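Work through the exercises below with the sequence and the model side by side. Each task is followed by its solution.

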Amino acid sequence: MADILTASNITRDFVIGDGSVVHALRGVNIQVAEGKLTILKGRSGSGKTTLINMLGALDRPTSGEVIFDGQDITKLSDIKRDELRRYQMAFVFQSVALMSSMTAYENVDFGLRLAGFPLEKRQERVTKCLEEVGLAKRMHHRPGELSGGEQQRVAIARALAHEPKIIFADEPTAELDSGTSHHIVELFKTLVLDEHMTIVMTTHDVSLLEIADRVYTLEDGEIVD
Ligand SMILES: Nc1ncnc2c1ncn2[C@@H]1O[C@H](COP(=O)(O)OP(=O)(O)OP(=O)(O)O)[C@@H](O)[C@H]1O
Ligand SMILES: [Mg+2]
């Protein structure tokens with residue numbers, strides 16, 4: 001299977017308040033195969049979120065290249081990077097960021113509306129994606145009327161809705177209890193094994209590690225193996 005995303009020699013320095021520099025990434029190389037699960041793991045502060053933000057065009061590396069679908073996305077304009085994220089990528093974060101005044105349906109629909117999808121297509125995708133994550137019966141609930149795991153499933157449905165080429169998930173189960181997180185883990189497994197989604201995820205979940213195509217361990221901003 002081809003690699004859809006490669007990062008070569010990525011560094012990321014942060015200059016903090018007192019002028020000192022944090023070397024959050026120190027020359028990282030990774031490859032993400034299309035249709036597979038790639039996992040980033042490592043201790044707190046090892047650079048996982050920093051790296052996933054580079055891969056998903058949420059931040060730019062200090063040096064190095066990120067090639068997505070044949071182009072170096074670090075060199076694109078902010079507008080092009082926004083388009084890339086909106087149409088081709090999707091994100092699931094640790095804390096679920098849903099609009100509290102919108103129902104599950106409206107939350108999933110929102111991104112499609114922004115991206116200019118026609119109404120009919122939106123209706124079809126929103127319904128299908130909410131069904132896929134097991135929330136057909138909860139479509140018209142607001143986040144406050146859903147459990148934590150259900151809210152994360154809405155966030156996953158939202159990520160799937162525009163049929164992205166790649167999904168980035170940064171510890172999507174970290175804020176859930178173990179029972180709830182089990183359901184989310186099973187959902188990700190289905191997306192990988194049955195739907196062949198391309199997913200890059202930071203996680204410590206052992207059962208996800210087992211089905212991963214590649215697992216990269218970060219230590220102090222470097223890949224170790
Ligand atoms: N905006 C920032 N400014 C300064 N330093 C930062 C910034 N973001 C991250 N860092 C530092 O970079 C290092 C890597 O942080 P990162 O958030 O990538 O770690 P992580 O592996 O995701 O940790 P966790 O498991 O706790 O989420 C840490 O030392 C952190 O303090
Ligand atoms: Mg993190």
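Which element gives the most to the shell around ligand 1? Helix H1 does, with 3 residues.

The model is predicted; local features need pLDDT of at least 70, side-chain atom pairs count only at pLDDT 80 or more, and totals for chains, interfaces and linings use all residues. Residues are numbered from 1 along each chain as its sequence is written, while chains are lettered from A and ligands numbered from 1 in the order in which they are written.

**Exercise 1. The ligand shell**

List the residues that surround ligand 1, then sort them by element and by class.

Step 1. A residue counts as near the ligand if its C-beta atom, placed from the backbone, lies within 6 Å of it. The shell found in this way consists of Phe 14, Ile 16, Val 22, Ala 24, Gly 42, Ser 44, Gly 45, Ser 46, Gly 47, Lys 48, Thr 49 and Thr 50.

Step 2. Two or more of these residues come from each of strand S2 (21–33) and helix H1 (48–55). Helices (H or I, at least four residues) and strands (E, at least two) are DSSP runs, numbered from the N terminus.

Step 3. By class, the shell has 4 nonpolar, 7 polar and 1 charged residues. Here Ala, Val, Leu, Ile, Met, Phe, Trp, Tyr, Cys and Pro count as nonpolar, Asp, Glu, Lys and Arg as charged, and the others, Gly among them, as polar.

**Exercise 2. The sheet of 4 strands**

Trace the open sheet of 4 strands from edge to edge and find what packs on it.

Step 1. The order is S2-S1-S4-S5, and the pairing is antiparallel. Two strands pair if DSSP finds at least two bridges between them. S2 and strand S5 (71–72) are the edge strands, each pairing on one side only.

Step 2. Helix H1 packs on this sheet and touches S1, S2 and S4; its direction makes about 125 degrees with that of S1. Contact requires C-beta atoms, placed from the backbone, within 7 Å. Axes are lines fitted to C-alpha atoms, for helices over the stretch in contact, and angles run from 0 to 180 degrees between N-to-C directions.

Step 3. Take the pairs in turn. S1 and S2 are joined by 10 bridges, and Thr 6 stands opposite Gln 31 in S2. Strand S1 (residues 3–15) is also joined to strand S4 (residues 63–68), by 5 bridges; Ala 7 faces Val 66 in S4, and Ser 8 faces Glu 65. S4 and S5 pair over 2 bridges, with Phe 68 opposite Gln 71.

Step 4. Check the hairpins. The hairpin of S1 and S2 has 5 residues between the strands, and Gly 19 takes a positive phi near 90 degrees. In the hairpin of S4 and S5, with 2 residues between the strands, Asp 69 has a positive phi near 50 degrees.

**Exercise 3. The sheet of 6 strands**

Why is one side of S6 and of S10 left without a neighbour in the sheet?

Step 1. The open sheet has the order S6-S7-S8-S3-S9-S10, with mixed pairing.

Step 2. Strand S6 (89–92) and strand S10 (222–224) stand at the edges with a single partner strand each, so one side of each has no neighbour in the sheet. Neighbouring strands are turned by 25 degrees against each other on average, direction ignored.

Step 3. At the S10 edge, strand S9 (residues 214–219) pairs with S10 in the antiparallel sense over 3 bridges. Glu 219 has Glu 222 in S10 as its bridge partner.

**Exercise 4. Two helix packings**

Describe how H3 packs with H5 and how H3 crosses H4.

Step 1. Helix H3 (residues 104–114) and helix H5 (residues 148–161) pack at an angle of about 30 degrees, with axes 9 Å apart. H3 is therefore roughly parallel to H5. Angles under 35 degrees count as roughly parallel, over 145 as roughly antiparallel, 65 to 115 as roughly perpendicular and the rest as oblique.

Step 2. In this contact, Ala 104, Asn 107, Val 108, Gly 111 and Leu 112 in H3 meet Val 154, Ala 157, Arg 158 and Ala 161 in H5. The classes are 6 nonpolar, 2 polar and 1 charged.

Step 3. The axes of H3 and helix H4 (residues 119–132) come within 10 Å and cross at roughly 130 degrees. H3 is therefore oblique to H4.

Definitions and conventions: Two residues are in contact if their C-beta atoms, placed from the backbone, lie within 7 Å.
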